Amino acid sequence: MIHLNKIRAARRRDLAQVVEIDARITGLRKPAYWAGILRRYGGRDPGRFFLVCVQGDRVQGYVVGEVRDWEFGSPPCGWVFGIGVRPETRLRGTGTRLLDAICESFRGRGVDKVRTLLPRDNALVLAFFRSQGMMAAAFTALERDL
Amino acid sequence: MKLQKSTLLALCSALEFAAQPGRQVSMAEIAQKYGASPHHLAKVLGKLRRARLVTAARGSGGGYRFSGNAKRVTLLDVIALFERIGAAPAPRAPRRELERALDQVLAEIDETARATFGSITLETMLKLARRRRA
(Lines give C-alpha, C1' and ligand atoms only; values in the text may rest on other atoms or scores of the structure.)
Protein backbone atom coordinates (compact mmCIF):
# COMPACT_ATOMS: atom_id res chain seq x y z
CA MET A 1 0.00 0.00 0.00
CA ILE A 2 1.39 3.39 -0.97
CA HIS A 3 1.23 6.16 1.64
CA LEU A 4 1.43 9.71 0.33
CA ASN A 5 3.03 12.42 2.42
CA LYS A 6 0.58 14.50 4.39
CA ILE A 7 1.05 17.59 6.54
CA ARG A 8 -0.94 17.79 9.76
CA ALA A 9 -0.74 19.06 13.32
CA ALA A 10 1.64 17.05 15.51
CA ARG A 11 0.13 14.52 17.94
CA ARG A 12 1.47 12.92 21.08
CA ARG A 13 2.23 9.67 19.26
CA ASP A 14 4.51 11.56 16.81
CA LEU A 15 6.74 12.85 19.58
CA ALA A 16 9.19 9.93 19.79
CA GLN A 17 9.90 10.20 16.06
CA VAL A 18 10.31 13.99 16.23
CA VAL A 19 12.80 13.53 19.11
CA GLU A 20 14.65 10.93 17.02
CA ILE A 21 14.83 13.18 13.91
CA ASP A 22 16.03 16.14 15.98
CA ALA A 23 18.62 13.95 17.75
CA ARG A 24 19.97 12.67 14.44
CA ILE A 25 20.36 16.24 13.16
CA THR A 26 21.71 17.91 16.30
CA GLY A 27 23.29 14.97 18.12
CA LEU A 28 21.23 15.74 21.25
CA ARG A 29 18.12 13.95 22.53
CA LYS A 30 15.69 16.43 24.10
CA PRO A 31 12.47 14.55 24.96
CA ALA A 32 11.46 17.00 27.72
CA TYR A 33 11.93 19.96 25.38
CA TRP A 34 9.77 18.39 22.68
CA ALA A 35 7.09 17.40 25.18
CA GLY A 36 7.00 21.08 26.18
CA ILE A 37 6.78 22.15 22.54
CA LEU A 38 3.84 19.81 21.99
CA ARG A 39 2.13 21.18 25.11
CA ARG A 40 2.63 24.82 24.09
CA TYR A 41 2.41 24.60 20.29
CA GLY A 42 0.31 21.52 19.64
CA GLY A 43 -2.72 22.88 21.45
CA ARG A 44 -5.48 25.29 20.69
CA ASP A 45 -3.54 28.56 20.62
CA PRO A 46 -4.48 29.82 17.13
CA GLY A 47 -1.13 31.57 16.58
CA ARG A 48 1.09 28.59 17.40
CA PHE A 49 1.90 25.75 15.03
CA PHE A 50 3.66 22.40 15.40
CA LEU A 51 3.25 20.52 12.13
CA VAL A 52 4.58 17.20 10.93
CA CYS A 53 4.91 15.65 7.49
CA VAL A 54 3.88 12.01 7.70
CA GLN A 55 3.88 9.06 5.37
CA GLY A 56 1.53 6.55 6.91
CA ASP A 57 2.67 6.45 10.55
CA ARG A 58 6.20 7.57 9.76
CA VAL A 59 7.11 11.17 10.55
CA GLN A 60 9.37 12.51 7.78
CA GLY A 61 9.84 15.99 9.21
CA TYR A 62 8.49 18.71 11.46
CA VAL A 63 8.22 22.46 11.69
CA VAL A 64 7.44 24.69 14.68
CA GLY A 65 6.57 28.36 14.72
CA GLU A 66 4.22 31.05 15.87
CA VAL A 67 2.87 34.49 15.14
CA ARG A 68 4.42 37.07 17.47
CA ASP A 69 3.14 40.59 17.87
CA TRP A 70 5.45 43.58 18.21
CA GLU A 71 8.45 41.68 19.46
CA PHE A 72 11.79 43.37 18.72
CA GLY A 73 9.74 46.35 17.53
CA SER A 74 8.38 44.36 14.61
CA PRO A 75 4.75 44.40 13.47
CA PRO A 76 3.11 40.96 13.84
CA CYS A 77 4.94 38.33 11.80
CA GLY A 78 5.43 34.58 11.69
CA TRP A 79 8.53 33.06 13.28
CA VAL A 80 9.83 29.63 12.32
CA PHE A 81 12.09 28.42 15.09
CA GLY A 82 12.45 24.75 14.33
CA ILE A 83 12.45 22.67 11.16
CA GLY A 84 13.87 19.22 10.61
CA VAL A 85 13.67 16.48 7.99
CA ARG A 86 14.90 12.89 8.20
CA PRO A 87 18.36 12.99 6.61
CA GLU A 88 17.59 10.06 4.28
CA THR A 89 14.49 11.76 2.87
CA ARG A 90 16.08 15.14 2.15
CA LEU A 91 15.91 16.70 -1.31
CA ARG A 92 12.39 15.34 -1.85
CA GLY A 93 10.53 18.52 -1.04
CA THR A 94 9.54 17.66 2.54
CA GLY A 95 11.11 20.81 4.02
CA THR A 96 9.54 22.96 1.31
CA ARG A 97 6.10 21.49 1.98
CA LEU A 98 6.45 22.00 5.72
CA LEU A 99 7.58 25.59 5.30
CA ASP A 100 4.79 26.27 2.78
CA ALA A 101 2.25 24.81 5.21
CA ILE A 102 3.34 26.89 8.19
CA CYS A 103 3.53 30.03 6.00
CA GLU A 104 -0.04 29.35 4.91
CA SER A 105 -1.03 29.05 8.58
CA PHE A 106 0.71 32.38 9.28
CA ARG A 107 -1.14 34.00 6.37
CA GLY A 108 -4.35 32.65 7.85
CA ARG A 109 -3.52 34.66 10.99
CA GLY A 110 -3.23 37.81 8.88
CA VAL A 111 0.55 38.26 8.72
CA ASP A 112 2.54 38.75 5.52
CA LYS A 113 6.10 38.19 6.72
CA VAL A 114 7.97 35.15 8.00
CA ARG A 115 11.27 35.23 9.85
CA THR A 116 13.71 32.76 11.32
CA LEU A 117 17.01 32.85 13.19
CA LEU A 118 19.81 30.33 12.96
CA PRO A 119 23.55 29.98 13.50
CA ARG A 120 25.50 31.34 10.54
CA ASP A 121 27.64 28.20 10.43
CA ASN A 122 24.55 26.07 9.79
CA ALA A 123 25.15 26.15 6.03
CA LEU A 124 22.67 23.37 5.22
CA VAL A 125 19.62 24.98 6.82
CA LEU A 126 20.71 28.49 5.77
CA ALA A 127 20.90 27.28 2.16
CA PHE A 128 17.45 25.71 2.52
CA PHE A 129 15.84 28.95 3.75
CA ARG A 130 17.68 30.91 1.05
CA SER A 131 16.37 28.50 -1.59
CA GLN A 132 12.87 29.30 -0.33
CA GLY A 133 13.37 32.98 -1.13
CA MET A 134 14.30 34.16 2.37
CA MET A 135 16.75 37.06 2.54
CA ALA A 136 18.64 38.75 5.38
CA ALA A 137 16.19 40.60 7.59
CA ALA A 138 16.58 44.19 8.70
CA PHE A 139 17.52 42.94 12.17
CA THR A 140 20.83 42.00 13.71
CA ALA A 141 21.13 39.37 16.41
CA LEU A 142 23.48 40.41 19.23
CA GLU A 143 24.79 38.53 22.25
CA ARG A 144 27.37 38.61 25.02
CA ASP A 145 28.70 36.25 27.62
CA LEU A 146 27.10 36.48 31.07
CA MET B 1 31.37 44.85 0.23
CA LYS B 2 33.31 44.85 -3.02
CA LEU B 3 34.55 41.89 -4.99
CA GLN B 4 37.39 41.96 -7.50
CA LYS B 5 36.51 42.33 -11.19
CA SER B 6 37.63 38.77 -11.98
CA THR B 7 35.48 37.38 -9.17
CA LEU B 8 32.39 39.24 -10.37
CA LEU B 9 33.02 38.08 -13.93
CA ALA B 10 33.40 34.49 -12.71
CA LEU B 11 30.14 34.69 -10.76
CA CYS B 12 28.23 36.14 -13.72
CA SER B 13 29.74 33.56 -16.09
CA ALA B 14 28.97 30.64 -13.78
CA LEU B 15 25.39 31.88 -13.42
CA GLU B 16 25.02 32.32 -17.20
CA PHE B 17 26.22 28.74 -17.77
CA ALA B 18 24.12 27.34 -14.92
CA ALA B 19 21.02 29.06 -16.30
CA GLN B 20 21.42 27.16 -19.58
CA PRO B 21 22.75 23.76 -18.50
CA GLY B 22 22.15 21.99 -21.78
CA ARG B 23 23.62 24.70 -23.99
CA GLN B 24 27.17 25.57 -24.97
CA VAL B 25 27.65 29.28 -24.42
CA SER B 26 30.39 30.99 -26.39
CA MET B 27 33.05 33.08 -24.72
CA ALA B 28 32.26 35.93 -27.11
CA GLU B 29 28.65 35.99 -25.89
CA ILE B 30 29.72 36.37 -22.25
CA ALA B 31 32.46 38.89 -23.12
CA GLN B 32 30.01 41.07 -25.02
CA LYS B 33 27.29 40.87 -22.37
CA TYR B 34 29.58 41.84 -19.49
CA GLY B 35 31.96 44.13 -21.38
CA ALA B 36 34.96 41.93 -20.59
CA SER B 37 38.11 41.56 -22.66
CA PRO B 38 38.46 38.09 -24.24
CA HIS B 39 41.89 37.71 -22.65
CA HIS B 40 40.60 38.45 -19.14
CA LEU B 41 37.54 36.24 -19.62
CA ALA B 42 39.67 33.37 -20.92
CA LYS B 43 41.71 33.44 -17.71
CA VAL B 44 38.56 33.50 -15.58
CA LEU B 45 36.92 30.64 -17.47
CA GLY B 46 40.17 28.68 -17.28
CA LYS B 47 39.87 28.74 -13.48
CA LEU B 48 36.23 27.67 -13.61
CA ARG B 49 37.21 24.83 -15.94
CA ARG B 50 40.03 23.67 -13.66
CA ALA B 51 37.55 23.69 -10.77
CA ARG B 52 35.30 21.47 -12.94
CA LEU B 53 32.46 23.93 -12.86
CA VAL B 54 32.47 24.23 -16.66
CA THR B 55 33.68 22.13 -19.55
CA ALA B 56 35.08 23.62 -22.73
CA ALA B 57 34.46 22.45 -26.27
CA ARG B 58 36.67 23.60 -29.13
CA GLY B 59 35.72 24.29 -32.73
CA SER B 60 33.26 26.57 -34.51
CA GLY B 61 30.32 25.40 -32.40
CA GLY B 62 32.49 25.42 -29.28
CA GLY B 63 31.94 27.20 -26.06
CA TYR B 64 31.44 26.38 -22.42
CA ARG B 65 28.86 24.27 -20.70
CA PHE B 66 28.04 24.14 -17.00
CA SER B 67 29.23 20.90 -15.42
CA GLY B 68 28.70 21.53 -11.70
CA ASN B 69 25.63 20.98 -9.54
CA ALA B 70 23.77 24.29 -9.38
CA LYS B 71 21.90 23.09 -6.29
CA ARG B 72 25.18 22.51 -4.46
CA VAL B 73 27.69 25.06 -5.76
CA THR B 74 27.52 28.24 -3.69
CA LEU B 75 28.62 31.77 -4.48
CA LEU B 76 31.42 31.25 -1.95
CA ASP B 77 32.69 28.20 -3.88
CA VAL B 78 33.17 30.41 -6.95
CA ILE B 79 34.51 33.42 -5.03
CA ALA B 80 37.07 31.25 -3.22
CA LEU B 81 38.68 30.39 -6.57
CA PHE B 82 39.64 34.04 -7.00
CA GLU B 83 39.97 35.70 -3.63
CA ARG B 84 39.76 35.09 0.09
CA ILE B 85 37.07 36.66 2.16
CA GLY B 86 38.28 37.19 5.67
CA ALA B 87 41.92 36.57 4.95
CA ALA B 88 43.81 37.03 8.20
CA PRO B 89 45.86 40.24 8.31
CA ALA B 90 49.59 39.84 7.94
CA PRO B 91 51.01 39.25 11.43
CA ARG B 92 52.48 42.41 12.89
CA ALA B 93 53.88 42.47 16.36
CA PRO B 94 53.10 43.88 18.76
CA ARG B 95 49.34 44.40 18.13
CA ARG B 96 47.84 47.15 20.23
CA GLU B 97 44.66 46.65 22.18
CA LEU B 98 42.64 48.97 19.91
CA GLU B 99 43.90 47.20 16.81
CA ARG B 100 42.88 43.86 18.27
CA ALA B 101 39.43 45.23 19.08
CA LEU B 102 39.07 46.55 15.52
CA ASP B 103 40.19 43.15 14.19
CA GLN B 104 37.34 41.57 16.15
CA VAL B 105 34.76 43.83 14.46
CA LEU B 106 36.27 43.26 11.01
CA ALA B 107 36.25 39.51 11.62
CA GLU B 108 32.54 39.73 12.50
CA ILE B 109 31.85 41.42 9.16
CA ASP B 110 33.92 38.80 7.31
CA GLU B 111 32.10 35.96 9.03
CA THR B 112 28.74 37.40 8.03
CA ALA B 113 29.89 37.83 4.44
CA ARG B 114 31.20 34.26 4.30
CA ALA B 115 27.97 32.88 5.76
CA THR B 116 25.91 34.85 3.25
CA PHE B 117 27.93 33.77 0.20
CA GLY B 118 28.15 30.22 1.51
CA SER B 119 24.39 29.88 1.90
CA ILE B 120 23.40 30.99 -1.58
CA THR B 121 23.66 28.35 -4.29
CA LEU B 122 23.79 29.19 -7.98
CA GLU B 123 20.26 27.82 -8.33
CA THR B 124 18.98 30.04 -5.51
CA MET B 125 20.70 33.02 -7.15
CA LEU B 126 19.02 32.23 -10.49
CA LYS B 127 15.65 31.98 -8.71
CA LEU B 128 16.29 35.36 -7.13
CA ALA B 129 17.09 36.88 -10.52
CA ARG B 130 13.91 35.38 -12.01
CA ARG B 131 11.83 36.81 -9.16
CA ARG B 132 13.36 40.26 -9.72
CA ARG B 133 12.48 40.04 -13.42
CA ALA B 134 8.87 39.06 -12.69
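Helices and strands are here DSSP runs, of at least four residues for a helix (H or I) and at least two for a strand (E), and they are numbered from the N terminus. With that convention in hand, the reader can follow this predicted model through its two chains, beginning with chain A.

Chain A contains four helices and five strands, and along the sequence these elements come in the order β-α-α-β-β-β-α-β-α. The radius of gyration of chain A is 15 Å, close to the 15 Å that the globule rule gives for 146 residues, so chain A is as compact as a globular protein of that length. Taken along the principal axes, the C-alpha atoms of this chain fill a box of roughly 50 × 30 × 30 Å. Of its 146 residues, 29% count as buried, and among the contacts between residues at least 6 apart in sequence, 57% join residues at least 24 apart.

A good place to enter the chain is helix α3(A), which runs over residues 94-108. This helix has 15 residues and reaches 21 Å from its first C-alpha to its last, close to the 21 Å expected at 1.5 Å a residue. Its buried residues are A:Thr94, A:Gly95, A:Leu98, A:Leu99, A:Ile102, A:Ser105 and A:Phe106. These residues lie on the same side of α3(A), because they cover an arc of only 130° around the axis. An α-helix has 3.6 residues a turn, so residues three or four places apart point the same way. On the other side of α3(A), by contrast, A:Glu104, A:Arg107 and A:Gly108 are exposed. The buried residues of the helix pack against several elements of chain A, namely the strands β1 (5-9), β2 (48-55), β3 (58-68), β4 (77-85) and β5 (114-116), together with helix α4 (123-131). Just after α3(A) comes A:Gly110, which takes a positive phi of about 85°.

From the helix the path leads into the nonpolar interior. In soluble globular proteins, nonpolar side chains tend to be buried together. The largest nonpolar core has 25 residues, and those that touch the most other members are A:Val18, A:Leu51, A:Val52, A:Tyr62, A:Val63 and A:Ile102. At least two residues of this core are supplied by each of α1 (15-26), α2 (31-41), β2, β3, β4 and α3 of chain A, and the largest share, six residues, comes from β2(A). A second, separate core of 19 residues includes B:Phe17, B:Tyr64, B:Leu122 and B:Met125.

Two residues of chain A show the surroundings in finer detail. Leaving out residues up to four places away in sequence, A:Leu51 touches A:Ile7, A:Arg8, A:Ala9, A:Ala10, A:Tyr62, A:Val63, A:Leu98, A:Ala101 and A:Ile102. A:Phe50, which is found in strand β2 of chain A, is buried, with 25 other C-beta atoms within 10 Å. Again leaving aside neighbours within four places in sequence, A:Phe50 is in contact with A:Ala9, A:Ala10, A:Ile37, A:Leu38, A:Tyr41, A:Gly42 and A:Val64. Between A:Phe50 and A:Val67, which are 17 residues apart in sequence, the distance from C-alpha to C-alpha is 12 Å.

Chain B has six helices and two strands, arranged along the sequence as α-α-α-β-β-α-α-α. Its C-alpha atoms fill a box of roughly 60 × 35 × 25 Å along the principal axes, and buried residues make up 22% of its 134 residues. Among contacts in chain B between residues at least 6 apart in sequence, 71% join residues at least 24 apart.

Each chain also offers a backbone angle that deserves a look. Most residues other than glycine have a negative phi. In chain A, however, A:Leu91 has a phi near 65°, a positive value in a residue other than glycine; A:Leu91 has its place in the loop between β4 and α3 of chain A and is exposed, with 8 other C-beta atoms within 10 Å. In chain B, B:Arg52 has a positive phi of about 60° although it is not a glycine. B:Arg52 is found in the loop between α3 (38-50) and β1 (54-57) of chain B, and with 9 C-beta neighbours inside 10 Å it counts as exposed.

Finally, the two chains meet: eight residues of chain A are in contact with 10 residues of chain B. On the side of chain A that touches chain B, the residues divide into four nonpolar, two polar and two charged.

Technical notes. Residues are numbered from 1 along each chain as its sequence is written. Chains are lettered from A and ligands numbered from 1 in the order in which they are written. This is a predicted model: local features need pLDDT of at least 70, side-chain atom pairs count only at pLDDT 80 or more; totals for chains, interfaces and linings use all residues. Two residues are in contact if their C-beta atoms, placed from the backbone, lie within 7 Å. Ala, Val, Leu, Ile, Met, Phe, Trp, Tyr, Cys and Pro count as nonpolar, Asp, Glu, Lys and Arg as charged, and the others, Gly among them, as polar. A residue is buried if 20 or more other C-beta atoms lie within 10 Å of its own, exposed if 12 or fewer, and partly exposed in between; C-beta atoms are placed from the backbone. The expected span of a helix is 1.5 Å times one less than its number of residues. The arc is that of the directions from the helix axis to the C-beta atoms. A nonpolar core is a set of buried Ala, Val, Leu, Ile, Met, Phe, Trp, Tyr and Cys residues joined through C-beta atoms within 7 Å. The radius of gyration is taken over C-alpha atoms; the globule rule is 2.2 Å times the number of residues to the power 0.38.
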